[in-house]
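Trainee: I should like to examine one part of this model closely, and then see how the parts around it are arranged. May I put a specific request to you once the structure is displayed?

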Amino acid sequence: MTDQTIEIQPLNPVVGAEVHGIDLRKPLGNRAFQEVHDALMKHQVIFFRNQDITTEQHKAFGRMFGELHIHPAAPSPENHPEILVIHADENSKRVAGNGWHSDVSCDEEPPMGSILHLRTVPPSGGDTMFASMYAAYDALSESLKGYLSGLTAIHSGEHVYRGRYRVAVDDRDRSFPESEHPVVRTHPITGRSALYVNSGFTTRIKQLADKESRALLDFLFEHIRTPEFQCRFIWQPNSIAFWDNRCVQHYAVWDYFPAVRHGERVTIKGNRPFYRNP
Ligand code: SIN
């Protein structure tokens with residue numbers, strides 16, 4: 001176990017940083033772990049380059065941050081239930097994550113973080129965009145912040161997952177998670193407030209009439225797409241992105257069809273979202 005000398009290079013002041021000087025094939029020492037953890041808390045999504053890691057090394061890195069999550073719907077490779085394969089090629093009709101979302105927010109205890117390692121990237125395109133939900137929240141008026149802090153929203157997995165993995169999984173008798181979460185959540189480590197509704201999973205705001213809920217969600221989904229809240233990561237083979245689902249949303253851009261893009265994701269379990277008045 002070695003303590004490596006780390007250098008952090010922000011992509012912009014709002015969200016995202018590259019972490020250099022780390023070899024994830026080796027277990028991190030305490031100091032290196034703390035620096036990576038702190039970089040994630042500060043920048044919300046962090047990126048590593050040239051990490052030719054095995055599936056086991058990927059899982060070991062994820063486990064340093066918590067127990068690994070098993071996806072409620074997607075099939076996994078044999079003997080690796082914690083691995084989510086991310087793959088697109090000339091036969092793909094859709095790709096994972098091609099819309100703004102926070103991973104599996106339909107779970108009662110949605111994952112705190114996700115670590116994606118891509119081995120094959122298209123010759124061009126295939127970037128992933130990340131948006132800071134701290135920045136999205138901070139940019140709202142004090143009146144709207146106050147109003148939103150009293151609301152909860154329903155996050156549903158049914159429309160996202162039903163039939164999606166049809167080739168590999170018969171889901172006819174299956175039910176999918178649905179949960180109620182605060183519209184604004186408090187990050188359990190940083191204490192900062194983040195918007196926690198996303199166009200992938202969030203279907204309605206519980207305390208409002210249908211039309212009111214639709215209008216408010218549409219406004220928030222549009223607001224979340226503001227370019228100033230975002231960074232864009234350009235992948236290379238063996239790049240890794242590690243994002244904090246409690247305070248960022250992401251969008252996998254599918255602009256590279258029919259090229260191949262392939263990798264694996266591990267996802268780290270999280271806790272029930274809550275809101276605490278700052
Ligand atoms: C995802 O985990 O949502 C997919 C992200 C990506 O493929 O860039």
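In which helix do Glu35 and Arg31 both lie, and how many residues apart are they? Please take a close look at that part and then carry the description outward.

Mentor: The model is a predicted one, and the description below should be read accordingly. Glu35 and Arg31 both belong to helix α1, where four residues, about one turn of the helix, separate them. The two residues form a salt bridge, and their closest N and O atoms are 3.1 Å apart. Side chains of opposite charge can pair when their charged atoms come close. With a cut-off of 4 Å between a side-chain nitrogen of Lys or Arg and a carboxyl oxygen of Asp or Glu, the model holds 18 salt bridges.

Helix α1 spans residues 30-43 and, together with β2 and β3, makes a right-handed β-α-β unit. In the loop between α1 and β3 one finds Gln44, a residue with a positive phi of about 75° although it is not a glycine. The strands β2 and β3, the latter comprising residues 45-48, run parallel and are joined by two bridges. Across this pairing, Phe47 in β3 stands opposite Glu18.

Strand β2 also pairs with β1: residues 7-10 and residues 17-20 are matched in the antiparallel sense over four bridges. Within this pairing, Glu7 stands opposite His20 of β2, and Pro10 has Ala17 as its bridge partner. The hairpin of β1 and β2 has six residues between the strands, and Gly16 there adopts a positive phi near 95°.

The ligand site brings in later parts of the chain. Strands β14 (248-252) and β15 (261-268) each contribute at least two residues to the shell around the ligand. In the loop between these two strands lies Pro258, and the peptide bond leading to Pro258 from Phe257 is cis, with omega near 10°. The residues around the ligand include Ile86, Asp103, Leu116, Trp243 and Arg265. By character, the shell divides into five nonpolar, four polar and three charged residues.

Three side chains may be singled out by their distances to ligand oxygen atoms. For Thr128, a polar side-chain atom lies 2.5 Å from an oxygen atom of the ligand. An N or O atom in the side chain of Arg261 is 2.7 Å from a ligand oxygen. His250 has a polar side-chain atom 2.9 Å from an oxygen atom of the ligand. As for burial, the ligand taken alone exposes 260 Å², of which the protein buries 99%.

To return to the part you asked about, α1 carries the salt bridge between Glu35 and Arg31, and the helix is itself a member of the right-handed unit with β2 and β3.

Technical notes. Residues are numbered from 1 along each chain as its sequence is written. This is a predicted model: local features need pLDDT of at least 70, side-chain atom pairs count only at pLDDT 80 or more; totals for chains, interfaces and linings use all residues. Side-chain values use heavy atoms; hydrogens and water are left out. A residue is near a molecule or strand if one of its heavy atoms lies within 4 Å of it. A polar contact is a pair of N or O atoms within 3.5 Å; within protein, one must be able to donate a hydrogen and the other to accept it, and residues adjacent in sequence count only if both atoms are side-chain atoms. Accessible areas come from the Shrake-Rupley method with a 1.4 Å probe; for residues, only the protein chains shown count as cover. Ala, Val, Leu, Ile, Met, Phe, Trp, Tyr, Cys and Pro count as nonpolar, Asp, Glu, Lys and Arg as charged, and the others, Gly among them, as polar. Two strands pair if DSSP finds at least two bridges between them. A crossover is right-handed if, with the strands pointing away from the viewer, the path from the first strand over the helix to the second runs clockwise.
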